[in-house]
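Good morning, everyone, and thank you for making room for this on the agenda. I would like to walk you through one structure, beginning with the whole and then turning to a few of its strands.

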Amino acid sequence: MDQKACGRIVVVGAGIVGASLAYHLSGKGAQVTLIEADEIASGVTGDSFAWINATHASVDPIAQLRGMAIEAYRRLETELPELQIRWTGALSYDESAEHPASAMLLSATEVLAREPNLKNPPRCALFRAEEGALDAVQATHALIAGAQALGAQLLTQTRVTAFKTCNADVTGVETTAGTVDADLVVLAAGTGTRQLTQMLNVSLPIDASPAIFIRYKTQPGLVKGIISSPEMEIRQSANGTLLAAEDYLGEAPGNSPTDIAGQTAEAIRKELHGVVSIEAQTVAVGLRPMPADGIPVVGYLPGVGGVYVCAMHPGVTLAAIVGRLASEELLDRQSSAALESCRPERFFQNSGTVTNNAALTR
C-alpha cells in the first residue's frame with residue numbers, strides 16, 4: 001500500500017466508529033482532530049441496542065471481521081478501564097436459525113437455568129457465551145477521552161461544509177469553525193457519509209436504515225443476558241433499564257414507534273415472570289448507515305486522494321476491530337485481508353470512475 005505519510009488526520013463523525021478510529025490513530029502517534037456536527041454519540045450510536053454480536057445466521061461476507069470483534073473489545077478493556085462491557089452471553093431461539101459452531105445448543109431446562117423468568121422457554125435455544133453488550137454512548141465517551149489523553153482534539157457543533165483540495169488530493173476540510181488542514185480525512189459520519197462524499201463528486205450507495213430502540217422502566221433482575229426471539233429482542237442494563245430493539249414499520253396507526261413500544265411491552269409481559277409494571281421511557285428511531293449490498297464500506301475513496309471511508313452496520317459490533325485495522329492500514333501500511341470485501345471500489349468497478357489512490361497520493 002503506497003500512501004503518503006499521515007501525520008495530521010481529520011476524523012469526521014463522533015459516534016462509536018469515529019471515536020474508535022480517533023483512539024487507535026492517536027495511539028499510533030497521529031495528530032488527530034475529531035469533528036462532529038452535533039454532539040458526541042448524537043446519531044445512531046445513541047439509539048443502538050449495542051449487542052456485540054459476533055455471529056450471523058446466513059452467509060456472511062464479513063465473517064472473519066465479525067469473528068475478530070470480541071477479541072478487539074477485550075483488548076480495549078485492558079487499555080481503557082472506563083469501558084464498561086457486560087459479557088452476559090446471548091440466548092437466541094428461532095426455528096429457522098442455523099446452528100453456528102460457536103454456539104451451544106441448550107435444552108429447555110438449560111435455558112431456564114440461564115433465564116429463570118422466561119414463561120415459555122423454547123424446546124431448545126442457541127447460547128453464545130462470548131457475546132455481550134455495552135452502553136454505546138458511555139463507550140464512545142470513553143474512547144474519545146482515551147484519544148484526547150493521547151493528544152487528539154475534539155470539535156463538536158462543527159459541521160463540514162466543504163473539502164480543501166489541491167489537484168486530485170484532499171488537503172483538509174472547511175468547517176463552520178474554520179479550516180482544518182490534514183494529510184488524510186477519514187469519514188465516519190454514519191448516514192451523513194454519502195452527502196460528504198457527494199461533495200467530492202463520488203456517490204457511495206449508503207442509505208439510512210431505520211430501527212426502533214426502546215428503553216423501559218421496569219423491575220430490575222428480569223433478564224440476565226441478551227434474549228433474541230421471535231417475540232422480543234431485549235437485554236437489561238446494570239441500572240435496571242430494560243432495552244428493546246424492533247423493526248421500524250412506518251408511521252401508520254398501529255405501526256408507529258409508539259405503537260410498537262406498547263406492543264413490545266405487552267409481549268414482554270407475556271414472556272417474562274415478574275413484570276409488575278413496564279413503562280416506555282424513550283422510544284427512538286435510529287438511522288443505521290446501510291450500504292446497498294449490506295457489507296461495510298471501509299477503505300480509500302475511489303477517485304480522490306487523501307480520503308478514507310468507514311461506514312457500516314453493525315457499527316457497535318465492528319467499531320473496535322475496524323478502528324484497529326484501519327489505523328494499521330493508514331499508519332503502518334498493513335493492508336487487512338479481513339477488510340478486503342469492504343472496499344469502496346466494489347461500487348465503481350463497472351463505471352470507469354475508479355482511480356488508483358496510490359498514484360494520487362505518492
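**The whole chain, then two groups of strands**

Let me begin at the surface, where the protein exposes about 15300 Å², of which carbon and sulfur atoms supply 49%. Please keep in mind throughout that what you see is a predicted model, and that the values I quote are computed from it.

As for what lies inside, 52% of the 362 residues of the protein count as buried. The protein has 9 helices and 20 strands. Its radius of gyration is 21 Å, close to the 21 Å that the globule rule gives for 362 residues, and the protein is therefore as compact as a globular protein of that length. If you follow the C-alpha trace along its principal axes, you will find that it spans about 65 × 40 × 40 Å.

How do the contacts run along the sequence? If we take the contacts between residues at least 6 apart in sequence, 71% of them join residues at least 24 apart. Turning to charge, the protein has 26 positive and 38 negative charges, and the mean positions of these two sets are 2 Å apart.

Now to the strands, and a general remark may help here: strands of a sheet pair through backbone hydrogen bonds, in either a parallel or an antiparallel way.

The sheet I would like to show you is an open one, in which 3 strands are arranged in the order E3-E8-E4 with antiparallel pairing. Which strands stand at the edges of this sheet? They are strand E3, residues 51-52, and strand E4, residues 85-86, and because each has a single partner strand, one side of each is left without a neighbour in the sheet. Looking more closely at E4, we see that it pairs with strand E8, residues 132-134, in the antiparallel sense over 2 bridges, and that Arg86 stands opposite Ala133 in E8.

My last stop is strand E7, which covers residues 124-128 and is mostly covered itself, since 4 of its 5 residues are buried. Strand E5, residues 90-92, pairs with E7 in the antiparallel sense over 3 bridges, and there Ala90 stands opposite Arg128. Strand E6, residues 104-107, likewise pairs with E7 in the antiparallel sense, in this case over 4 bridges, and the bridge partner of Met104 in E7 is Phe127.

Key: Residues numbered from 1 in each chain as written. Predicted model: local features only at pLDDT ≥ 70, side-chain atom pairs only at ≥ 80, totals over all residues. Heavy atoms only, no water. Pairing = 2+ DSSP bridges. Rg over C-alpha atoms; globule rule 2.2 N^0.38 Å. Buried < 20%, exposed > 50% of the residue type's maximum accessible area, 1.4 Å probe, protein only. Contact = heavy atoms within 4.5 Å. Areas by Shrake-Rupley, 256 points an atom, 1.4 Å probe, with all protein chains shown as cover. Lys, Arg positive; Asp, Glu negative; His and termini not counted. Charge placed at Lys NZ, Arg CZ, Asp CG, Glu CD.
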